[in-house]
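Here are some brief comments on the model you sent round. Please read them with the structure open.

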Amino acid sequence: MTDKGKGNIAYKLALVAVLAAITGAFKFMGLDRYMTFEYLKQSQEGFALYYSANAPVVIGLYALVYIAVTGLSLPGAAVLTLAGGALFGLVTGTVVVSFASTIGATLAFFVSRFLLRDWVQWKFGQRLKAINRGIESEGAFYLFTLRLIPVVPFFVINLAMGLTRMRVWTYYWVSQVGMLAGTVVYVNAGKELGKLESIGGILSPGLILSFVLLGVFPITVKKIMGAYRKRKGLTPAAVAGGEDNNGQ
């Protein structure tokens with residue numbers, strides 16, 4: 001092995017060690033407790049006051065945290081999405097979450113492709129077979145389907161796609177477009193939850209509608225995509241099954 005090859009291996013090992021250290025610190029220090037909706041709800045007033053005085057700073061910090069959580073495949077993305085709606089509102093929240101989640105997903109894609117290829121192959125081997133078949137037969141449309149219908153966990157898609165031949169830019173824009181509708185639904189739910197002042201508020205029309213959308217959205221999209229595939233003569237999408245279910 002050449003010195004350059006040894007240097008690349010050492011560099012990758014160092015990066016993996018750093019990522020492992022960050023992930024370990026996150027869990028060991030109990031930082032996941034800050035990724036609960038209960039904590040964010042308790043801190044909502046303080047966040048809102050700070051946001052009103054330092055909007056760019058708050059948006060930037062929120063985006064960085066979101067990118068780190070999704071890029072390192074840590075739990076908490078769903079809660080952060082709801083928090084984005086509660087803190088920023090529907091429009092700003094959707095824009096910030098859309099870009100932060102897509103950039104984080106692309107970062108995870110990079111990590112899988114260049115650092116964790118062997119581990120991802122070992123961990124998600126069965127799912128990778130289904131995903132590879134889908135990519136070979138439908139290309140980027142298959143990724144769009146996976147993003148639009150939240151059946152496969154968010155982090156599994158990020159890691160598994162890193163082992164395909166898909167180009168980074170294609171992965172980025174298809175992910176952003178595919179996740180946009182779901183992002184709007186989740187951010188809207190967070191906006192309504194942010195208004196909740198008492199248990200009686202659960203029966204408010206806005207919150208009820210948000211929960212209905214959360215439940216109906218994946219079913220509706222699945223039926224629409226099924227009808228589209230049937231009309232176009234496409235085979236049913238292969239779903240990457242498995243036991244892991246720790247996504248967004």
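**Notes on the predicted model**

1. Start with the surface. Leu 90, Val 91, Val 95, Phe 99, Ile 103, Leu 180 and Val 184 together make a nonpolar surface patch of about 560 Å². Keep in mind that this is a predicted model.

2. Which helices supply the patch? Helices α6 (90–114) and α11 (168–194) each provide at least two of the residues in this nonpolar patch. The largest share comes from α6, which gives five residues. Val 91, one of the patch residues, lies in helix α6.

3. Next, the pairing of α3 with α4. Helix α3 covers residues 44–53 and helix α4 covers residues 55–71. Their axes come within 5 Å and cross at roughly 120 degrees. The crossing angle therefore makes α3 oblique to α4.

4. Which residues make this contact? From α3 come Tyr 50, Tyr 51 and Ala 53. From α4 come Ala 55, Val 57, Val 58 and Ile 59. How do the residues of the contact divide into nonpolar, polar and charged? Seven are nonpolar, with no polar and no charged residues in the contact of α3 with α4.

5. Last, a backbone point. Ser 73 sits in the loop between α4 and α5 (77–88). What is phi of Ser 73? The value is near 60 degrees. That is a positive phi in a residue other than glycine. Please look at Ser 73 in the loop between α4 and α5 when you view the model.

Definitions and conventions
Residues numbered from 1 in each chain as written. Predicted model: local features only at pLDDT ≥ 70, side-chain atom pairs only at ≥ 80, totals over all residues. Heavy atoms only, no water. Axes fitted to C-alpha atoms, helices over the stretch in contact; angles between N-to-C directions. Helix = DSSP H or I, 4+ residues; strand = E, 2+ residues; numbered from the N terminus. Parallel < 35°, antiparallel > 145°, perpendicular 65-115°, else oblique. Contact = heavy atoms within 4.5 Å. Nonpolar A, V, L, I, M, F, W, Y, C, P; charged D, E, K, R; others polar. Patch = residues over 30% accessible without salt bridge, like charges linked within 9 Å, V, L, I, M, F, W, Y side chains within 5 Å. Areas by Shrake-Rupley, 256 points an atom, 1.4 Å probe, with all protein chains shown as cover. Salt bridge = Lys/Arg side-chain N within 4 Å of Asp/Glu carboxyl O.
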